[in-house]
Every structure is written in C-alpha cells, then in structure tokens.
Amino acid sequence: MKVSLSVFSLVAAGLLGAIVPTNAQVNVAQFHNHSSRDGLYIDSAFTQSATANLARDLNFDGTISGDVYAQPLYIEGGPGGRALVIAVTESNNVYALDATDGSIIWQRNVGPPVPANDLNCSKFDTMGITGTPIIDLASRALFLDAMTTPDGGTTKKHYIISLNVDTGAINFGWPVDVEAAASYNGINFIAAIQQQRPALAIVGNILYVGYGSMMDCNMYHGWLVGVPIDNPASVTAWAAATNPGTYGGGIWGVGGIASDGTNPFVTTSNTFTTEGNWTGGEAVIRFQPGPIFSANPSDYWAPTNWFDLDFNDHDLGSSGPLLVDVPGATPSHLVVAMGKDQYAYLLNRDNLGGITDPVASSHVSTYPIWNAAATYRTNQGTYLALRAHGQLLATFHITATNPPGIIDGWTVVRGIGGCGSPFVTSTDGTNNMIVWVVGTEGDQRLHGYDGDTGAVIYAGGGANELMAGTHRYSTTGIAARGGIYVATDNKVYAFKLPGGIPTPTPTPTPTPFPTPTATPGETPRPHPTPRGRPTPPLRPQG
C-alpha cells in the first residue's frame, strides 16, 4: 500500500470528504487510518446531532479468543463482496469478521503464543500478536508480527507473517524469522527479549516493524526492521544503542512508525550507557528507505537534556511521532513528539536539527504521556488530542505563526477509570469534529466530545453499551460506514448510527497466493554480557 503524502495533505486541508464519494470503497488498512497517524476518519454520517443516537449493535456477534492490544482494521471487497473487520489477539489468533453481523468469515492461528512464565519479564499474561497489523490493498496482503514458541517453550521467535486478507492463507515466501534475518553493527536480534508493540507501517514497497523491550530488565535494543513486501528474503535492520557498553532505545509507542509517504519516522526510548554519548535514544528519527539512518542532524532530533530523560526514565518513546501540516506556520511541516516528561515538542519535519532545542515545546500534562495522539483541523485552527495518562483527555492548538507555538485547548477529566488513545471523526475533514476515547477500568464505555469545545456529544450510552476487556493507553476505535468498531479482550464491539451508509457495490475477490509450509525456527542466541553497567531496575514500557 503506497500511501502518499497527498492523502494527509487533503485531510489536513479538509478536502478528503469532497473527493471521496459516499459510495466509494472505504478501508481502514492501518493504525489511526493514515500513515501520518492522524487518527482522523471522514464519514458523512457522523454529524454531531446524529452521534447522540449512537448505540451498540446487539446483533453484531464479534466473539474472538484472546487478549487484544491492537486496533481493528476494516476492509471492503472481501469474500462475496462483504466488508471485513480484522482483529488479532495475544493468543496468536487472527480473525476476519463480517462487518455487518460479526460472524467469523475466516480465522487462523499463526503459532503457539508465549506464556508469561516463559518470558524473561513481561506485564502480559500471554504474548502473541501485540502491534496493530497493516494491509497492502494492492495485493490484499495482511502483515503482522507474532511472538511464538514453535517447540512449546524452549525457543521464542518473532515471525513477520503475511496472510491473504480474504482467505487467511499464508502468502508465498513468508514468514520471516526476525532473529535469523536481522542484525546491525555487530548486534544480532534476540527474539526472547524483544517486544513488538508499535503499529506496523508500509512506506513505498517496504514493510517496517519496530521493536522495544518486554520491560527494562534485559540488554535489549530498539529495532526497526524493513522487509520488502515483494522480496521478504531481503531484510534490512537498524538498532539503537549498539556502541560497546550501551543498550536500550526501544521503539514501543502503540502508534508505531509514521510516514510522510517517502520516509519512515520513529521515536525511541531510554538508553543505558556508561559513556554519556548519544546513541540513538530519546529521539525522533527519520530513516531513508531500508531502513537506513544517515546520522545527519537533519534526520534526527533529541532534546538537549536527553541524558537527564534517560536517568529519570522520562521516556520520549512512550508516544509515537505524529506528522502534522499547519498552513501559515513557518515551518509548516511538523513532527509532534510527546513523552513521559509531560512535554509536547514541535519539530521541523524537513530538518529535524540533531541534538538541539525544538521549534516549540510546552508542558501539556501533569502526568506522563503514554498514548497515540490524534490531530485534526477545524475553522478555529489545528488541534492535537492526547490521552495524558489515566483519566485525562486533553487538547492543544498549534499556532499558524513564525515559529509555530502551542496553546492549551480544552481538557476533560473523567470521573472514573482510565482511557485509551483518542481518534477523531468528521463529516468532511473540518466540520462536525468529534474526539473519541474508549474508557477503561471502571468505565468501559465509548465517549465523544466536540472537537472545538470539549462539550459532551456522546456520553457512553446505557447498559447495553458497556464493553469488557478494554486496556488503557492501547485500546482505540475505528470509524467506517456510520459505525465504530472497538476490539477488546475476546470481543469486537460495533456501534452504529441510525441508518449508517450502505456498503458499495462488491468487487471481485482476488485469487489468493499459494500457502507454503513454515520452516521451524532456530535456537535463540545467548544474551550479550553487560559492559560496565549493572542491571537496571524493572520499569514497564507502557
């Protein structure tokens, strides 16, 4: 799926709804809908008045098996012309559900997941598929990473897998054994200590998969692995903190890899070093296709206090990069970064600048920020919505000035429970803007707020609208055809507006790729020996 920058530019300008007719095919093929990770869904059915009547579709089954931390996907033109909702679980189950009634069209288990007692350290009960997959629409291929134990416990593997989205068959040439394929600067990928939480991305013809740690209790590295989707045997990888005596720099924010259509962008987390030299952590990094890191200051940014962020576990990698265009601002092509230090940073996307001050920064939260933020534009300006930990949903404006700045917007402090990462709907890209968030813990409801004011548009419904098995930070929804879909543990929920929008005329189902037999994995390599630094305390990533 070659997602061009022009798509994001049209969304930012409020024009996408004007060029996509209501009977055109609708697809949500990746996390937060676009490669910029803006989280914006254009759907003419979601007027603010109609949204007040949103209700859970009790005829939608949605039963699946396993814990869920990934966003669902929505694809039209499936078998028999049906629309599909794709959901994945920590039990390594992949489901294609009928988007109308939630029945299972196909399902596939991609290998035994790894139980918690077989992991070096983890906050998961079972680890299988964690990061949100991505679909290449041209080839109808679904890409995901699964952690599995092929021999029942001794060996742990990360496999990058490609399935035919219409049948569930494994596509020819896949899976890719990441441990066997990935190395960088003398460091080999060790599957047993790496976690795959960030959403996957496709830029050009290359699939990108990011990795961090289970928790900060192993000598892990942040990894970005690139796999050409038409040549999976040719793998390119980059790792953070590969100098002697260093490790860390995990890529773990749920939003994963963002893209401007040409280059992938990531944020990295804490590094552990005895040298005091920057080695790729606490940073926003732009890669050339591959991934190839140029090491030019124009291709990375780290705050001048990066070493203090490392020392205090104020992780910049807790939120993935968000690409935002602000017409009238200088610079206008921005990257927004946020982290556990409670600050938001604006960066010049055309020249990140190296280790230097940002274009602008602001203290936007009283809590560490763990989220995948969303961005949108109304007649009042450019907004960014973030889950600022726990109960707080907040927004800020990015000013159209030289240089751009940050102004506090509306904030909603919810009474109970936490919330997942926000997403946004609009009827045309500018009007009827609604910011959505999924409540967790004691709430477990869907909530919608006016994008300009924070006024309640949808208060969560009644007894039928409760959802079980939601997760703060990671649970987010998608919008399609007058409906919202939310994937939780063992269940996909559907919420529908009265009437909705009819599905367009079905398109023929493509011929599936042949199904190969997966090759058994290899024995994990031994852990490297620490050099001059004691084992750090346990610190959960997210």
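Q: What makes β26, β27, β28 and β30 an open sheet, and which strands are its edges?
A: In this predicted model, the 4 strands follow the order β26-β27-β28-β30 with antiparallel pairing, where strands are DSSP runs of E with at least two residues, numbered from the N terminus. The edge strands are β26 (322–325) and β30 (360–363), because each pairs on one side only, and two strands pair if DSSP finds at least two bridges between them.

Q: How do you know that β26 and β27 pair?
A: Between β26 and β27 (residues 333–338) there are 4 bridges in the antiparallel sense, and the definition asks for at least two, so the two strands count as paired. Within this pairing, Asp325 stands opposite His333, and Val324 stands opposite Leu334.

Q: Which way do the residues of β26 point?
A: Leu322 and Val324 point one way, whereas Leu323 and Asp325 point the other way, and all are buried. In a regular strand, side chains alternate between the two faces of the sheet.

Q: Why is Ser318 called buried?
A: Ser318, in the loop between α5 (306–311) and β26, has 0% relative accessibility and therefore counts as buried, the term being used for values under 20% relative accessible area, with exposed over 50% and partly exposed in between (1.4 Å probe, protein chains only). Leaving aside neighbours within four places in sequence, its contacts (heavy atoms within 4.5 Å) include Trp252, Met338, Ile369 and Tyr473.

Q: What do the numbering and the values rest on?
A: Residues are numbered from 1 along each chain as its sequence is written, and side-chain values use heavy atoms, without hydrogens and water. Local features need pLDDT of at least 70 and side-chain atom pairs count only at pLDDT 80 or more, while totals for chains, interfaces and linings use all residues.
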